[in-house]
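Me: I have a model to go through before I plan my week. Take me through it in short questions and answers.

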Amino acid sequence: MKYRFSPHDYIVFVVSYLFFFLYIGQVNNVLPFPLPAEIPSWTYLVVAIVFNIWVIPIPGIHPRKPPEVAEYKPEEIVEKKPVKPALKELVPTSKEKLEQGLSQTHKGFINRISAVLKGSQTLDEAMLSQLEETLVGTDIGVKTAYMLFEHVQKQASSIDSPDAAMGIIHSEITQILAHRQMPLTIPADIRPFVIMVTGVNGSGKTTTIAKIAHRLKNDGLSVIIASGDTFRAAAIEQLEHWANKVGADFIKAHEGADPSSVAFDGLQAAISRKIDVLIIDTAGRLHTRETLMDELKKTKRVLDKKMPGAPHENLLVLDATIGQNAIEQTRQFNNAIDVSGIALTKLDGSSKGGVIVGIANEFEIPIRFIGIGEGMDDLQTFDAQQFVDALFLDN
Ligand SMILES: Nc1nc2c(ncn2[C@@H]2O[C@H](COP(=O)(O)OP(=O)(O)O)[C@@H](O)[C@H]2O)c(=O)[nH]1
Ligand SMILES: [Mg+2]
């Protein structure tokens, strides 16, 4: 039998011997102090015996609980491994990925605002001017910063707490983003559906094309990708690698080929092979910005001539790590080629993702996708409410 002795058992054990010595000392008259005369000496012996017996575990009289901690058995521990929860931790849900991806932007944007608001109990002049300064210093752009600030300022006299001010900012941002939630759909009556993907070098065009193609393939659509970024040989190879990986057809160009003729070849192939979706990669940098924009305009014209209405989606890919510069990039591309949708990439590696609010506020362009990682499944359809929930989440 196994027993567990608690500290008070040891104390009782020691006390039992104390009474035993008192009994021995009293009977032999050797105690250095007198014990009360009215207590008979055998009382000490009885107390000593009772205490002693109490400590000794005797089944039936006073059984002890077996130890609560089981003996160490390695094989038991291996058997009890929580297999399912561990797998769940390894594969985060898309919501968890989004929250994780936006955690840096939360720190670089929302936390900066709440730090100001937590600085005082009242919304006084000093706090308002600090809030103004902070908003202008975030990545949402001056125009949107002032718009948000004015909303708070207008209601400053009627709201009683800095928390309420945060509530106003929260609901304004929700509204701004909600207006831009319009997922990219591929209508059944447009075949091939043509997507032209633009954006500066390194913004994530090629990766985003691969992710979109991967999605479309999963949805059962056939996809063809054309390598319109003919400026760099490495860009063509990178795209070919992805096309093979996701199982899309590929129209390969040689370095320096005319991008619009590659787009044309892609469209012709898509029509003759009865492919559902054609995605065209484009260059992100030419000799000057004007030549780049002229080239993109030409590609658009060529596509439209071959298939009136094409490209059906003019997707601009923006890198969230560049912050406010993304607003200027949107302006330039939109002025030149009428952007019809935006994909904002690298939110996972940026604290400047607040720029999405500025873009959404300044341009009436749907935000189609957000990129939150390099993996094929790390492109999410933009959902304003989910985005705001993750953005404001204090984790
Ligand atoms: N962390 C992260 N990296 C990304 C994301 N999207 C693209 N990238 C990376 O950004 C780099 C440039 O992407 P690429 O597609 O080549 O850009 P392109 O020059 O516009 O075609 C590559 O290393 C990508 O893996 C994203 O959402 N998150
Ligand atoms: Mg590329």
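Reply: First, a term. Helices (H or I, at least four residues) and strands (E, at least two) are DSSP runs, numbered from the N terminus. In those terms, P311 sits in the loop between α13 (289-306) and β5 (313-319). Keep in mind that this is a predicted model.

Me: Which residue is joined to P311 by a cis peptide bond?

Reply: P311 belongs to the loop between α13 (289-306) and β5 (313-319). The bond in question has an omega of about -5 degrees. The partner is A310.

Me: Where does P192 lie?

Reply: The peptide bond from R191 to P192 is cis, with omega near -5 degrees. Strand β1 covers 193-198, and α9 covers 162-178. P192 is in the loop between α9 and β1.

Me: Is N29 buried or exposed?

Reply: N29 lies in the loop between α1 (7-27) and α2 (42-55). Its phi is positive, about 60 degrees, although N29 is not a glycine. A residue is exposed if 12 or fewer other C-beta atoms lie within 10 Å of its own. N29 has 6 such atoms within 10 Å, so the residue is exposed.

Me: And K346, buried or exposed?

Reply: K346 also has a positive phi, near 60 degrees, and is a residue other than glycine. Its loop runs between β6 (341-345) and α15 (355-362). The cut-off for buried is 20 or more other C-beta atoms within 10 Å. K346 has 23 C-beta neighbours inside 10 Å, so this residue counts as buried.

Me: Which residues does A243 touch, leaving out those up to four places away in sequence?

Reply: A243 is part of helix α11 (residues 233-246). A243 counts as buried because 24 C-beta neighbours lie inside 10 Å. Beyond four places in sequence, its contacts are I225, A248 and F250.

Me: What separates the C-alpha atoms of A243 and K274?

Reply: Along the chain, A243 and K274 are 31 residues apart. In space, their C-alpha atoms are separated by 18 Å.

Me: Which helix gives the largest share of the shell around ligand 1?

Reply: The shell has 19 residues, and the closest are G204, K205, T206, T207 and G371. The largest share is 3 residues. They come from helix α10 (residues 205-218).

Me: How many residues of that shell around ligand 1 are polar?

Reply: Sort the shell by class. Nonpolar residues number 2 and charged residues 5. Gly counts as polar here. The polar count is 12.

Methods: Residues are numbered from 1 along each chain as its sequence is written. Chains are lettered from A and ligands numbered from 1 in the order in which they are written. This is a predicted model: local features need pLDDT of at least 70, side-chain atom pairs count only at pLDDT 80 or more; totals for chains, interfaces and linings use all residues. Two residues are in contact if their C-beta atoms, placed from the backbone, lie within 7 Å. A residue is near a molecule or strand if its C-beta atom, placed from the backbone, lies within 6 Å of it.
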